[in-house]
Amino acid sequence: MKFRIGDKVVYPNQGVAVIRDLVTRKIGGVRGQYYVLKIHSQNSTVMVPEDNIDAIGLRKISTKKQLEQLFEALKHGEFEMHSDWKRRYQQNAEKMQSGTLEEIGEVVRGLYCLSQEKNLGLRDQKMVDSARSLIVSEIAAVKDITEEEATELVDSLLQPPVAQD
């Protein structure tokens with residue numbers, strides 16, 4: 001998969017970034033091509049070896065159709081969560097590392113549902129906060145809205161509908 005300068009991409013566990021440049025560098029004695037990414041959420045710049053983009057999970061930003069699928073999953077999805085916090089954490093960490101919008105959405109929905117049954121532990125709370133942040137930043141970038149608006153959208157999708165009298 002090749003990216004172009006200016007493409008919006010998602011760097012797993014880091015969030016939305018923009019390809020700023022493609023440079024040739026010699027690092028650790030090895031010459032290679034590197035994508036220079038500007039990561040919005042951290043206001044930082046990183047270099048990613050072109051040969052490692054698949055292993056890292058760098059991907060183009062989602063389409064509006066993929067967002068609609070995420071919205072359905074957040075609103076109606078049912079995800080199985082391990083009752084053992086260690087296994088749950090491992091399962092969720094693997095989903096987060098995958099970098100796919102669908103799997104990160106599963107983490108958010110699953111931990112949200114769990115939080116309705118009991119208080120989340122510190123690790124689960126950090127995981128859901130991180131996952132929410134990642135999907136909020138991607139929604140904001142795709143829909144060209146603020147992160148506050150994207151947060152409100154996610155919150156509204158997670159909430160059960162209010163009964164009408």
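The exercises below work through a predicted model of one protein chain, each with a stepwise solution. Residues are numbered from 1 along each chain as its sequence is written, and side-chain values use heavy atoms, with hydrogens and water left out. Because the model is predicted, local features need pLDDT of at least 70 and side-chain atom pairs count only at pLDDT 80 or more, while totals for chains, interfaces and linings use all residues.

**Exercise 1. The chain as a whole**

State how many helices and strands the protein chain has, and in which pattern they follow along the sequence.

Solution. Step one is to count: the secondary structure comes to six helices and five strands, where helices (H or I, at least four residues) and strands (E, at least two) are DSSP runs, numbered from the N terminus. Step two is to read along the sequence, which gives the pattern β-β-β-β-α-β-α-α-α-α-α. Step three adds the extent, since the C-alpha trace spans about 65 × 35 × 25 Å along its principal axes.

**Exercise 2. The sheet**

Work out the order of the strands in the sheet, and find which of them are the edge strands.

Solution. Begin with the pairing rule, by which two strands pair if DSSP finds at least two bridges between them. The five strands form an open sheet in the order β4-β3-β2-β1-β5, with antiparallel pairing. The edge strands are β4 (44–49) and β5 (59–60), each of which pairs on one side only.

Now go through the pairs in turn.

- β3 and β4 are antiparallel and share six bridges; Lys38 stands opposite Thr45 of β4, and Tyr35 has Val48 of β4 as its bridge partner.
- β2 and strand β3 (residues 30–39) run antiparallel and are joined by ten bridges; Val18 stands opposite Lys38 in β3, and Lys26 stands opposite Arg31 in β3.
- β1 and β2 run antiparallel with four bridges, and Val10 has Val16 of β2 as its bridge partner.
- Strand β1 (residues 8–11) and β5 run antiparallel with two bridges, and Val9 has Lys60 of β5 as its bridge partner.

**Exercise 3. The hairpin turns**

For each hairpin, find how many residues lie between the strands and which residue takes a positive phi.

Solution. In the hairpin of β1 and β2 there are three residues between the strands, and Asn13 in the turn has a positive phi of about 65°. The hairpin of β2 and β3 has two residues between its strands, and there Gly28 takes a positive phi near 60°. The hairpin of β3 and β4 has four residues between its strands, with Asn43 in the turn at a positive phi of about 50°.

**Exercise 4. Two packed helices**

Describe how α2 packs with α6, and explain why the pair is called oblique.

Solution. Two packed helices are described by the angle between their axes and the distance between the axes. The axes are lines fitted to C-alpha atoms, for helices over the stretch in contact, and angles run from 0 to 180 degrees between N-to-C directions. Helix α2 (residues 64–76) and helix α6 (residues 147–158) pack at an angle of about 45°, with their axes 7 Å apart. That angle makes α2 oblique to α6, because angles under 35 degrees count as roughly parallel, over 145 as roughly antiparallel, 65 to 115 as roughly perpendicular and the rest as oblique.

The last step is to name the residues in contact (heavy atoms within 4.5 Å): Phe71, Leu74 and Lys75 come from α2, and Leu153, Val154, Leu157 and Leu158 come from α6. By class, this contact has six nonpolar, no polar and one charged residues, where Ala, Val, Leu, Ile, Met, Phe, Trp, Tyr, Cys and Pro count as nonpolar, Asp, Glu, Lys and Arg as charged, and the others, Gly among them, as polar.

**Exercise 5. The largest pocket**

Find the volume of the largest pocket, and decide which element gives the most to its lining.

Solution. On a 1 Å grid over the protein atoms alone, a pocket is an open set of points with protein on both sides within 12 Å along at least five of seven lines, and lining residues have an atom within 4 Å of a point. Grid points are joined across faces, edges and corners, and a volume is the space filled by probe spheres set on the points. The largest pocket holds about 220 Å³ of space. β5, α2 and α4 (101–117) each supply at least two residues of its lining, and α2 gives the most, with four residues. Among the lining residues are Lys60, Gln66, Phe79 and Glu106, and the lining divides into five nonpolar, three polar and four charged residues.

Definitions and conventions
On a 1 Å grid over the protein atoms alone, a cavity is a set of points where a 1.4 Å probe fits but cannot get out, and a pocket is an open set with protein on both sides within 12 Å along at least five of seven lines; lining residues have an atom within 4 Å of a point.
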